[in-house]
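User: Hi! I have a structure open and I'd like some help finding my way around. Could we go through it together?

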2 protein chains.
Amino acid sequence: MKKNSPPAKPRKPLSRERISKAALEIIDEQGMDALTMRRLGKVLNVEAMALYHHFANKGEVLDAVLDRLVDEVELPPRGSQPPLERLRHFARSHRQMALRHPHAFILVPTRRFNTEHSFDLYEQVLQAFSDLGFDAALSARYFRTIGYLASGAGLADIASHARQPDATPVRLETFDDTRYPLIKAVAPHLQKGNLDAVFEFGLDIIFNRMRDDAKALQEKKGKEKR
Amino acid sequence: MKKNSPPAKPRKPLSRERISKAALEIIDEQGMDALTMRRLGKVLNVEAMALYHHFANKGEVLDAVLDRLVDEVELPPRGSQPPLERLRHFARSHRQMALRHPHAFILVPTRRFNTEHSFDLYEQVLQAFSDLGFDAALSARYFRTIGYLASGAGLADIASHARQPDATPVRLETFDDTRYPLIKAVAPHLQKGNLDAVFEFGLDIIFNRMRDDAKALQEKKGKEKR
DNA sequence: ACCTGAACACCGTTCAAGT
DNA sequence: ACCTGAACACCGTTCAAGT
């Protein structure tokens, strides 16, 4: 005979996977500040303190969330496309991830990329630069420049169309047209629908230059052979 | 005869200025999380609740801190240098500000730039683009691209040499040399002393292209005149 | 007009205890 | 091994009260 137990909650055991997934969902739906250990516990049908059995502290939970974000960034496999196009896809994918996770994305440029997971991606990206004929110094510079652009664009795009708690916005419309004529002229070009184009504009500047550099290096190498 | 009062604290009256200054100092010295209304009050010799007479909430305090940061970004006055060099100075100054305020800088790309103060700077920067002969669409794109680079670089530089609470870093040194050969080759080029050069590398790519665009526009204008 | 003091509804994290 | 429950030292913010 069955014991008179409370309605069986068929509780799956906790795991780092389940916890970080729930954490990302909370951040996506309710923002970074909404992620508290107590709320995270509630979502998982568990006391907050149970989480400490899987993560030493909240910081570790955030690192696990960061890992999930990194996991969404795609670099097409080697050989499937020219290296330059693989890298372009990588940059776009990075920004797309930012747009999918506007509240969580801040973790990417602020917390260090120090998981094995992100090292794996990092190494592959550097391989693509190497395939272009770039040495370590040049790879480092282009890698960072593209990263700067992608993070900066991600953050700015988010900031420009995400409501912020407790903000004290000064609305552009409150000024008469003579006050900030140039800002008013520029504003329509920076609306949500145009930000893709703005990002592509920046990307093209960098990639055109990369193309030229790669070409110059190949020609140099060709000459050396002869 | 004097009353037997406690040792007179010659307390200056509170003001938004004094409060935001103290807030920035706390963030600079102890990090973003250390800024609490209670601590801010203590530094100012006042109960935390007194602050609410000057700011509606903590968010407004942060906006005031942001305003102080914006105030440190320099755009040389019109006519003092060619527009392109004024803008280059602006971009460098933006990054320098990030390095001076590693803990506070995050406010810049995440909170909206919606104070009158920042609008004034914004308008002047756009004037510099206009002086180059750029229309609103092109100004918008270059302005953003430079901003992406400067914010991205600021954040990345900070992240790479700021200790983070509760991080779980995977140290590169723990792997044998065959595991991440390219990362290991690139790492020395991304150390603290080399990040200035990396930023200048990215800046040059963009500014060279801007120079070419400005020249092309001037030639076109010259032809139209004839 | 400006500040205080107590209170409310939260936090992250600790610790000893339960199964 | 895994989770609970109470407790500690904090938060931001409200409210009524003091001067």
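**Talking through the model**

Analyst: Happy to! Let's begin at the DNA: in this predicted model, an N or O atom in the side chain of A:Arg38 is 2.3 Å from a base nitrogen of DNA strand C.

User: Which other residues come closest to DNA strand C?

Analyst: The strand is surrounded by 18 residues, and the closest are A:Met37, A:Arg38, A:Met49, A:Tyr52 and B:Glu47. Of the atoms of DNA strand C that come within 4 Å of the protein, 52% belong to sugar and phosphate.

User: Which phosphate contacts does strand C have?

Analyst: Here are two. A phosphate oxygen of DNA strand C lies 3.3 Å from a polar side-chain atom of A:Arg39. With A:Lys58 the partner is a polar backbone atom, 3.0 Å from a phosphate oxygen of DNA strand C.

User: Which element gives the largest share of the surface near strand C?

Analyst: That is helix 2 of chain A, residues 37-43, which supplies 3 residues. By class, the surface near DNA strand C has 8 nonpolar, 4 polar and 6 charged residues.

User: And what comes nearest to DNA strand D?

Analyst: There are 18 residues around DNA strand D, and the nearest are A:Glu47, B:Met37, B:Arg38, B:Met49 and B:Tyr52. Sugar and phosphate make up 52% of the atoms of DNA strand D that come within 4 Å of the protein. Helix 2 of chain B (residues 37-43) gives the largest share of the surface near this strand, with 3 residues.

User: Which atoms reach the phosphates of strand D?

Analyst: I can give you three examples. A backbone N or O atom of A:Glu47 is 2.6 Å from a phosphate oxygen of DNA strand D. For B:Met37, a backbone N or O atom lies 2.9 Å from a phosphate oxygen of DNA strand D. B:Lys58 uses its side chain, with an N or O atom 3.0 Å from a phosphate oxygen of DNA strand D.

User: Changing topic: what rotation superposes chain B on chain A?

Analyst: A rotation of 180 degrees does, with 0.0 Å of shift along its axis and an RMSD of 0.0 Å. That is how a two-fold axis relates two copies. The same surface serves both copies, since 100% of the contact residues of chain B recur in chain A.

User: Which residue of chain B comes closest to that axis?

Analyst: B:Gly152 does, with its C-alpha at 2.2 Å from the rotation axis.

User: How many helices and strands does chain A have?

Analyst: Chain A has 9 helices and 0 strands. Among its 226 residues, 45% are buried. If you take the contacts in chain A with a separation of 6 or more, 68% join residues 24 or more positions apart.

User: Which residues touch the most others in the largest nonpolar core?

Analyst: That core has 144 residues, and the ones touching the most other members are A:Leu40, A:Phe129, A:Met210, B:Leu40, B:Phe129 and B:Met210. Take A:Phe129: setting aside residues up to four places away in sequence, A:Phe129 touches A:Leu87, A:Phe134, A:Ser139, A:Tyr142, A:Phe143, A:Ile146 and A:Met210.

User: A:Ser139 is in that list. Is A:Ser139 buried or exposed?

Analyst: A:Ser139 counts as buried, because its relative accessibility is 4% and the cut-off for buried is under 20%. A:Ser139 lies in helix 7 of chain A, residues 136-160. Its side chain reaches the backbone oxygen of A:Asp135 at 2.8 Å.

User: What is A:Ser139 in contact with?

Analyst: Leaving out neighbours within four places in sequence, A:Ser139 is in contact with A:Leu126, A:Phe129, A:Ser130, A:Phe134 and B:Val186.

User: One more residue, then. Where does B:His189 lie?

Analyst: B:His189 lies in the loop between helix 8 (181-186) and helix 9 (195-225) of chain B. With 29% relative accessibility, B:His189 counts as partly exposed. Apart from neighbours within four places in sequence, B:His189 is in contact with A:Ala136, A:Ala137, A:Ala140, B:Asn194 and B:Val198.

User: And how far apart are B:His189 and B:Leu75?

Analyst: They are 114 residues apart in sequence, and 30 Å apart in space from C-alpha to C-alpha.

Note on methods
Residues numbered from 1 in each chain as written. Chains lettered and ligands numbered in written order. Predicted model: local features only at pLDDT ≥ 70, side-chain atom pairs only at ≥ 80, totals over all residues. Heavy atoms only, no water. Least-squares fit on C-alpha atoms with pLDDT ≥ 70 in both. Contact = heavy atoms within 4.5 Å. Core = buried A, V, L, I, M, F, W, Y, C linked by side-chain atoms within 4.5 Å. Buried < 20%, exposed > 50% of the residue type's maximum accessible area, 1.4 Å probe, protein only. Near = heavy atom within 4 Å. Polar contact = N/O pair within 3.5 Å; in protein donor to acceptor, adjacent residues only side chain to side chain. Helix = DSSP H or I, 4+ residues; strand = E, 2+ residues; numbered from the N terminus. Nonpolar A, V, L, I, M, F, W, Y, C, P; charged D, E, K, R; others polar.
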